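Colleague: I am new to this one and would like to learn how to read it. Could you show it to me and take me through it step by step?

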Amino acid sequence: MHAFLSFLAGLMVVLPCCIARAQEPFLTQPQWQALRDEASGAAAYENLRVLATLHRVPSMPEFDQAAEFVLGRARAYGLEDAHAEQYAIDGKVRYGLMLSHLAWQVEEASLWELAPDAMPLGDWATNPIRLADYSHSADVRAPLVDVGAGTEQTDYLGKDVRGKIVLADGVLSTVQRLAVVEHGASGVVSAMPNQTTAWSGLDTTIVRWGHLDPRLTTGFAFMVSRGTATALRAQLAAGHTVLLKAHVKASMQPGHWTVITGTIPGTDPHAGEVVYSCHLDHQRPGANDNASGCVSTLESARVLSTLIHSGKLARPARTIRFIWGPEVEGTMAFLSQHPDIRQELRADVHMDMVGGDPFKDKSILHVTETPWSLPTFVTDVGDLFAETIRAAAATYAEDGSGADAAVLETRNGGSGTRNEFLVDETSYAEGSDHDDYDSSTIAVPSLYLRDWPDIYIHTDHDTLEQIDPTKLRRAVLLGAAAGYTYASLGQQRAEPLLSFFAARSEARLAAGFERAQKLADDRSLQAGDAWYEARNVMVHALAREQAELEAFATYTQSRPSGLASFHRALQAQAETLEGMLATLAAARGATGAVPLAPWRAESDAALVPARVGAFGPLTYQNDDVLLDRLGPERMRNITLLGGRSSRLVRVQDKGALYAYEIVNFVNGQRSLGQIRDAVAAEFGPIPLAAVSDYLKACQEAGVITFR
Ligand SMILES: [Zn+2]
């Protein structure tokens with residue numbers, strides 16, 4: 001070893017103690033160690049093994065079996081008032097703004113190819129993922145017709161699909177509407193691809209989970225692999241008639257969703273609650289999505305309950321609540337039936353996909369920020385804990401030291417890896433129950449922990465094989481430590497903690513300036529407009545950081561004496577940076593003392609929208625408020641949403657992100673111009689007309705009114 005390296009190696013000996021203290025200032029070393037030692041990836045993995053055997057479609061008996069299992073564990077782990085709640089669904093009852101749909105039940109389903117080959121293509125009894133959700137009863141022998149994507153009228157030109165089965169790879173609900181409802185096909189065979197990643201299409205054996213539209217009353221779909229679809233296409237292209245026999249015995253009728261909940265009561269009934277959320281539904285096996293989040297939530301419950309009951313951790317002031325239910329739908333049902341609890345919720349720990357082995361499913365665990373409409377300190381707490389584990393795991397992976405701090409799961413027969421902890425912090429991303437918690441009419445900031453990408457999401461390959469007990473143990477420690485911190489934070493510790501958040505705010509403001517500089521130099525914008533957009537980023541970045549510090553003071557019901565001086569420091573930093581932007585703008589030829597809004601001449605800019613009606617965001621798992629109320633034709637004419645992308649395929653749809661935040665920024669005070677500027681700062685410049693056009697559609701749908 002090189003002399004310098006051996007000197008470094010000597011330093012390494014003292015490193016683990018420094019890393020081990022990195023969880024401060026929120027938890028002491030004994031608290032962190034108690035949480036770490038109690039957290040078991042093996043226990044979580046064993047629970048996951050059970051959930052992954054169930055096809056967990058909400059409203060189906062196997063979902064209720066999963067719920068029953070979780071309830072039994074919740075009781076065994078010492079949660080109080082652990083119980084199941086059932087919510088009626090019938091296509092008419094609403095939970096908040098969200099409309100329920102009928103419950104889907106299946107008795108049997110199979111698909112056979114009769115000619116030219118005779119072979120089974122899918123059987124509900126042995127592999128339920130083969131039947132798309134919300135398939136209707138059918139008994140047909142019919143030839144197969146290839147319609148390509150099947151999502152455009154042109155896909156059907158010159159093809160007679162009436163009474164036949166179409167082979168189509170486009171978004172299933174669109175294919176159902178066109179092929180079945182409009183053109184009279186009896187059903188669909190689909191190899192609709194998985195969510196797009198760099199690895200998409202490489203493995204042709206994957207079968208994806210599919211969904212028809214629960215509001216449509218006809219049609220069925222069987223899901224096949226890309227390999228099977230290619231073989232069927234080759235038969236058709238060679239001029240063979242492919243004869244299929246499809247049998248489905250299913251029904252749509254009133255039913256229920258089941259939600260499990262339980263608590264660890266806090267010491268102060270007026271201090272509010274911290275909630276843990278995760279979705280219990282999804283196809284079998286659904287190991288990472290989302291058996292992993294459910295068992296990590298269960299294990300967080302066990303760890304916290306055990307340590308609090310034994311006195312190793314002091315009972316926090318706030319009650320800790322745990323909820324397991326159908327994604328988004330269970331959350332909306334629970335929050336709508338318990339307005340009292342909804343008012344009490346202060347922070348959410350949301351785990352949706354947290355157990356993937358990064359070298360198998362290519363996942364990175366993301367600590368996800370709340371949207372800018374909901375500034376919060378909760379992300380910073382989670383990020384600090386994630387960084388604590390990440391640093392220790394990296395040290396261990398590199399030189400084998402500090403195994404305890406690295407949080408491995410190699411105990412009790414657990415077969416966890418020694419992998420590094422691939423974790424980072426990202427901006428807000430859509431796609432799970434946190435969309436509800438973070439939305440403006442609920443406004444409970446979420447620590448959203450999510451693996452992405454996951455090349456096996458929503459497929460039959462999302463199996464136990466991809467799950468790493470070490471990763472589960474780390475997620476449990478991260479989740480339990482964050483939730484305990486949120487539940488315990490109070491007035492006494494507000495003062496010393498404020499400087500931690502202020503330092504993070506200053507760093508983010510500086511990062512915002514990098515983005516602003518690029519905008520100031522953006523040659524696709526006129527010099528004056530570029531200056532406006534750049535300065536707009538700084539204005540909103542500053543407002544966001546000051547609001548984060550305020551949110552912390554409100555949360556801890558404190559008025560830290562440092563608050564005013566940190567506000568001033570952030571303000572001064574922003575002013576300096578804005579001055580630098582003015583210099584850049586002047587060099588590009590911009591004139592005037594301040595830049596002028598590009599939308600200043602537009603009359604809509606002064607309109608002030610306000611929310612009316614029930615609570616909740618505008619899109620849900622199986623319900624889209626604008627689509628329901630305005631229809632598909634009107635939807636296509638909404639500038640922001642007119643694209644052909646589907647939220648099910650492209651999780652990160654920029655138009656959908658803008659739409660979500662525009663509604664969140666509506667508060668009866670901000671003008672349309674101000675809302676435009678807020679989302680422009682967050683996601684990038686956007687024409688005022690696109691914001692105005694979207695909010696007018698919301699007005700037509702009866703969820704917005706203009707003042
Ligand atoms: Zn999920």
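Colleague: Let me start with the whole protein: what percentage of its 707 residues count as buried?

Modeller: Keep in mind that this is a predicted model. A residue is called buried when its relative accessible area is under 20%. Here 59% of the 707 residues fall in that class.

Colleague: How do I read the radius of gyration of the protein?

Modeller: Compare it with what a compact globule of that length would have. For 707 residues that value is near 27 Å, and the protein has 27 Å, so the two agree. The C-alpha trace spans about 75 × 70 × 60 Å along its principal axes.

Colleague: Which elements of secondary structure does the protein have, and how many?

Modeller: There are 22 helices and 19 strands. As for contacts with a separation of 6 or more, 78% of them join residues 24 or more positions apart.

Colleague: Where do the domains lie along the chain?

Modeller: The domain assignment gives four entries: domain 1 (28-99 + 256-488), domain 2 (103-253), domain 3 (491-587) and domain 4 (603-706). Domain 1 is written as two segments, and the range of domain 2 falls between them. Domain 1 and domain 2 each bring 21 residues to their contact, and their centres, taken over C-alpha atoms, are 34 Å apart.

Colleague: What does the surface of the protein look like in numbers?

Modeller: About 26,500 Å² is exposed, with carbon and sulfur atoms supplying 54% of that area. Turning to charge, the protein carries 61 positive and 85 negative side chains, and the centres of these two sets lie 1 Å apart.

Colleague: Now a single residue: is I457 buried or exposed?

Modeller: I457 has a relative accessible area of 5%, so it is buried. Its place is the loop between β17 (446-452) and α15 (469-488). Setting aside residues up to four places away in sequence, I457 touches N194, Q195, D289, M353 and W452.

Colleague: How far apart in space are I457 and T485?

Modeller: Sequence separation and distance in space are read separately. I457 and T485 are 28 residues apart in sequence, and their C-alpha atoms are 31 Å apart.

Colleague: And which residues is N536 in contact with, beyond its neighbours within four places in sequence?

Modeller: Those are R676, D677, A680 and A681. N536 and D677 are 141 residues apart along the chain, with 6.8 Å between their C-alpha atoms. N536 lies in helix α17 (residues 527-555) and, because its relative accessibility is 5%, counts as buried.

Definitions and conventions: Residues are numbered from 1 along each chain as its sequence is written. This is a predicted model: local features need pLDDT of at least 70, side-chain atom pairs count only at pLDDT 80 or more; totals for chains, interfaces and linings use all residues. Side-chain values use heavy atoms; hydrogens and water are left out. Helices (H or I, at least four residues) and strands (E, at least two) are DSSP runs, numbered from the N terminus. Buried means under 20% relative accessible area, exposed over 50%, partly exposed in between (1.4 Å probe, protein chains only). Contact means heavy atoms within 4.5 Å. The radius of gyration is taken over C-alpha atoms; the globule rule is 2.2 Å times the number of residues to the power 0.38. Accessible areas come from the Shrake-Rupley method with a 1.4 Å probe; for residues, only the protein chains shown count as cover. Lys and Arg count as positive and Asp and Glu as negative; His and the chain ends are not counted. The place of a charge is taken as NZ of Lys, CZ of Arg, CG of Asp or CD of Glu. Domain bounds come from an automatic or database domain assignment.
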